[in-house]
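Biologist: I am new to this structure and would like to know what stands behind the words people use for it. Could we go through them together?

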Number of protein chains: 2
Amino acid sequence: MAEFSVRFLPDDKTVTIREGETLLQAAAEANIPLKASCGGNGTCGRCRMIVREGEVKQLQTGKLTAEQQAAGYVLACQSIPQCTVVVEVPAESRLSEHRVLLAEDRSSRADLPSTLDPLFQKVKLTVPPATLDDSRDDAGRTLAALKQATGIDNARFSLEALNALPGALRRNGWQVTLSLADVKGYIEITGVEPGFREDNYYGLAVDIGTTTVVVQLVDLTDGRTVCVRGTYNKQAVYGDDVISRIVYAVDNKDGRQEMQKAVVDTINELIDQMLPENNIAPADVRAVACAGNTTMTHLFLGIDPEYIRLEPYTPAANSLPPVPAGELGLHINPRALVHCLPGVASYVGGDIMSGARLIEIDRAEELTLFIDVGTNGEMVLGNREWLLACACSAGPAFEGGGITNGMRAMAGAIEHVEIDPANGEVTYNTVGDAKPLGICGSGLIDLISALREAGIIDRTGQFLPRPDLTRWREGDDGPEYVLARAAESGNGKDIVITEADVKNLIRSKGAIFAGIRTMLRMVDLPVEAIDRILIAGGFGRYIGIQDAISIGLFPDVPLEKYKYIGNSSVKGAKMALLSRRVRDEVEALAAKVTYLELSVGNEFMDEFVSALFLPHTDINLFPSLIHAA
Amino acid sequence: MAEFSVRFLPDDKTVTIREGETLLQAAAEANIPLKASCGGNGTCGRCRMIVREGEVKQLQTGKLTAEQQAAGYVLACQSIPQCTVVVEVPAESRLSEHRVLLAEDRSSRADLPSTLDPLFQKVKLTVPPATLDDSRDDAGRTLAALKQATGIDNARFSLEALNALPGALRRNGWQVTLSLADVKGYIEITGVEPGFREDNYYGLAVDIGTTTVVVQLVDLTDGRTVCVRGTYNKQAVYGDDVISRIVYAVDNKDGRQEMQKAVVDTINELIDQMLPENNIAPADVRAVACAGNTTMTHLFLGIDPEYIRLEPYTPAANSLPPVPAGELGLHINPRALVHCLPGVASYVGGDIMSGARLIEIDRAEELTLFIDVGTNGEMVLGNREWLLACACSAGPAFEGGGITNGMRAMAGAIEHVEIDPANGEVTYNTVGDAKPLGICGSGLIDLISALREAGIIDRTGQFLPRPDLTRWREGDDGPEYVLARAAESGNGKDIVITEADVKNLIRSKGAIFAGIRTMLRMVDLPVEAIDRILIAGGFGRYIGIQDAISIGLFPDVPLEKYKYIGNSSVKGAKMALLSRRVRDEVEALAAKVTYLELSVGNEFMDEFVSALFLPHTDINLFPSLIHAA
């Protein structure tokens, strides 16, 4: 079979591919993260490239305009090199500047459990010597000493450790160092070394997001985060969202293995950077706690995800067995166990439970609302008495999906917008102060709020006729507002928001608000009963809460009740990594949650329809806006 | 390296060995079990062969007489062939006719637990389908259905089973067959098959004795014993008793592996016979329950046995983790778990606990004494309230060890003896009615009793001067009694018992009786308090209880209190194989036993000295003998 080389510009990376492979596969090989929302089906039109040299066979041209095609644009997923080629990857096709939310507050102790009882631990133990008067077996006396020293009463020896025990006990005056691994249900003594060992050992706290993966390297002896890294989930080439990932995994031969390999490769890439930099041997990384949504967790462990996406949306498992790292192919000690935190349902996963445990929602006196807004709005409402969770299909609008010039919070994304009501003129900020390429979630919230305040759209999101404003115009699909003109943008194109975009965003915000209201109705409580609202996730960081309230995305409660808590998924995973007790508590929490399937019954749909206004059909739900108005 | 062939007569088996290997190794290769009590050190002189053709280099001649050497006798363990050789293996050097105690009462249900909850089990399950109203995960709904159907509430899915679950549930209308393996502490669901499966699956109950290994092949679906086989423990070439096995394992490079391989090979030999005969595939053998003494169990699992033989006699572990059969190299399903029953101390092992559970000593109202007499007299005394166990080094006398013409209960062994007090003439039976080759344990007990009754020995075991009897004579080492003359014996030699032999036997019987008395003293009870005495093991079967009482080996209680229970070790193992509950109860029983180390304190030694009489210094302990006298 023939092989061709593909050279990517401006990166100047060259890879070799086999005949029949696409430019998208070549880009994955070259480690160039691309937008490919549709999973390589040729429908989203985002993986555009320009062929500079050589020839490709195009299966489809999809959304490419005639001008683009004339200019050499092709869709990477639909283009098969016929010879050695050189292609250019334009900025807007790349995922590369996305801001990955690592762990803030590295110096804070907020993510340390109260006691350090990590999933892997070495314990130094002085064992009473065997005598004729104390004829217990070596294992029995060691377990008794362990219990006395640590309180651990559910330890069991592995055969290998048992084998090493008699010699180790007697080599150093009955002092040994035991290696303890939590295997869920009991503690396995996996090793015995003579004498007291002072070596360090480490663990990984991992957040597997659909888009990004964050890994914290943690010193298990003191709980310190040694290093933290994030990068794109390499599964992105198979599609933007969990549904396209599931479809790929299920419909393709070896799809599940490819998907598993992609995420394992992603984590390994981070491991392979972090360990050498910190002079840590892979063998010394002894445990992993991992939080991800239900699909990510299934794909990571290689479990059949098919029924997650089919009604009635059933995951194979919420609670998951620990799996040896070697079986998954992680570049750490192959016997380190990987613990995935449990989920509650197909769309309320271990990432949410991780966050819920971090904020100790199950111990809170206050009625707490925990929201992680992404493609789905995942929410937990409750306190020490009860817990409800739901997921509303907000759609990808807040992540830029389905919006004409929407994008994720990468360099060039418009993240804050103000419109002068007097003249309809705009001022904005972009991520990284780059020339604007599109609008990200926080910018879109600002924008809707500002368009409404400036009288450019009405309460239903419909554009009002404002030919008086220079930025108002009739586009191909109806009226639109121009934020940035081609001359000032980073890609030579106008950046606009259309009526369809606004409606799309209103549906997204309406879904989230309706989810909140549906949960409150279940327990017959008003919005004001909520004592605190904790917002998690990368998107949450940049949201203007007041703007989010003013468009009716978030409930109208005093701003001081809101708190942004960052990447609660990885923080909670770190807590679980450092504490068997916490890991068990996450299981208990997940088991305690009542999951609300919003597609059952009419409550959600009624609430959703009522929420398709700015801020809401029932303005009394937003009293502060009445006063402001 | 040169190779030579060795042909064995009269078997006419030929094997090829490498230069430098011994005839003992060749015999092991040819699967000819030999006596080698000393473990191949050239000291016991039992592995004699006659070189018929070719030449061997003799390292030592050991106990061989000049006549024997002249006749071509060599010690197999000390003879290295220098070329192709032909050797003859005389009957007395062979282990081959030993009676292996299999499972009697195959039709009885005495070895079936009250409920069938085997260590591996398939369960047919109808799972409620997933609906929008019942949004539990597949694993959760399956576990709930399993609990409802079987009461099992501690099951966990393996990753592999989880992976298969969603598809299997939906392929056959939510009917599945689960494979459940007890992993101690919880049940692992190791497999899921769609629909209801009717296939059979099997387990092995194994008794690993120092001398013989017995394997029962059991149908786990109904508890039926399909087949039972026994053979020599191939470790015998490394020595007769556990001490020489430990020494070999510890002192030789790879000694532990060799020892493990020997016993695994022994079990595999039986498996390789039984499975094809019964048309059972190795993959369908899914669990093993194994009972053995502490040394045997350590060697089987490859655990360091060194400290078992060194004061204070500490085993690495009494309770043992289940180990996959594949790790041990057994010829069954590699993922079948091998459960070794727990012991109590270095010399009270899982075989004794297996028997103790079989007789339900821990539930008995009656004060029960359970005795397994072999090289060690292992005993458990107690009832539902308390349990004591001890082991007294009876020495190998009852197995024929250290006795001039002692032998195991093989063909040709004198097993019953009567002496006419009038003329001192003897009548005897032999095993298999063969020409006599020696005297086995039951014969020795008869003989001591008879010698005493005939006034040939006194109460201390000393020979009285009886030149009036034709069978009394002065031998090289003092007076002796001739049971069989060379002309009538199977090996052309006189079969005698010497004063040293009698003293040796008195020490053995004294040790056992002293052990019983020491336990009784611990709880301040007289011999008469014992309600029943259960005798186990191969040796026990042929003992004349009345004779054993009359020499002071067993307590003087009515004969109806005695019961012989056969190979309680393998029977108990079968019970544990068929019932997780029983397996757990054996663990609980072992944990409940108070072990009495007889070498601590003076009680045992005092009792032992008092017991060095026939029947005892305190004749009041044997009231029935006073009346008889």
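Modeller: Gladly! One word to settle at the start: a residue is called buried if 20 or more other C-beta atoms lie within 10 Å of its own. Please keep in mind that this is a predicted model.

Biologist: What makes strand 20 of chain B mostly covered?

Modeller: Of its 6 residues, 5 are buried. Each of those 5 residues therefore has 20 or more other C-beta atoms within 10 Å of its own.

Biologist: How do you know that strand 19 of chain B and strand 20 of chain B pair?

Modeller: At least two bridges are needed for two strands to pair. Strand 19 and strand 20 of chain B have 6 bridges, in the antiparallel sense, so they meet the cut-off. Within this pair, Val380(B) stands opposite Ala389(B). A hairpin of 4 residues links the two strands.

Biologist: What about strand 20 and strand 29 of chain B: in which sense do they pair?

Modeller: They run in the parallel sense, over 2 bridges. The cut-off is at least two bridges, so this counts as a pair. Here Leu388(B) is opposite Thr594(B) of strand 29.

Biologist: Why are strand 28 and strand 29 of chain B called edge strands?

Modeller: Because each of them pairs on one side only. The open sheet has 6 strands in the order 28-27-18-19-20-29 in chain B, and its pairing is mixed. At the strand 28 end, strand 27 of chain B (residues 532-536) pairs with strand 28 in the parallel sense over 4 bridges. There, Leu534(B) has Lys563(B) as its bridge partner.

Biologist: What makes you say that helix 9 of chain B packs on the sheet?

Modeller: Helix 9 (residues 350-358) touches strand 18, strand 19, strand 20 and strand 27 of chain B. Its direction makes about 145 degrees with that of strand 18.

Biologist: Which residues touch the most other members of the largest nonpolar core?

Modeller: That core has 384 residues, and the ones touching the most other members are Cys290(A), Ala389(A), Cys290(B), Ala389(B) and Ile439(B). Leaving out residues up to four places away in sequence, Cys290(B) touches several residues, including Val206(B), Phe300(B) and Ala573(B).

Biologist: How do you know what relation chain A has to chain B?

Modeller: A rotation of 180 degrees, with 0.2 Å of shift along its axis, superposes chain A on chain B with an RMSD of 0.2 Å. That is why the relation is that of a two-fold axis. In chain A, Gly185(A) has the C-alpha nearest the axis, at 3.9 Å. Both copies use the same surface, as 100% of the contact residues of chain A recur in chain B.

Notes: Residues numbered from 1 in each chain as written. Chains lettered and ligands numbered in written order. Predicted model: local features only at pLDDT ≥ 70, side-chain atom pairs only at ≥ 80, totals over all residues. Contact = placed C-beta atoms within 7 Å. Axes fitted to C-alpha atoms, helices over the stretch in contact; angles between N-to-C directions. Core = buried A, V, L, I, M, F, W, Y, C linked by C-beta atoms within 7 Å. Buried ≥ 20, exposed ≤ 12 C-beta atoms within 10 Å, placed from the backbone. Least-squares fit on C-alpha atoms with pLDDT ≥ 70 in both.
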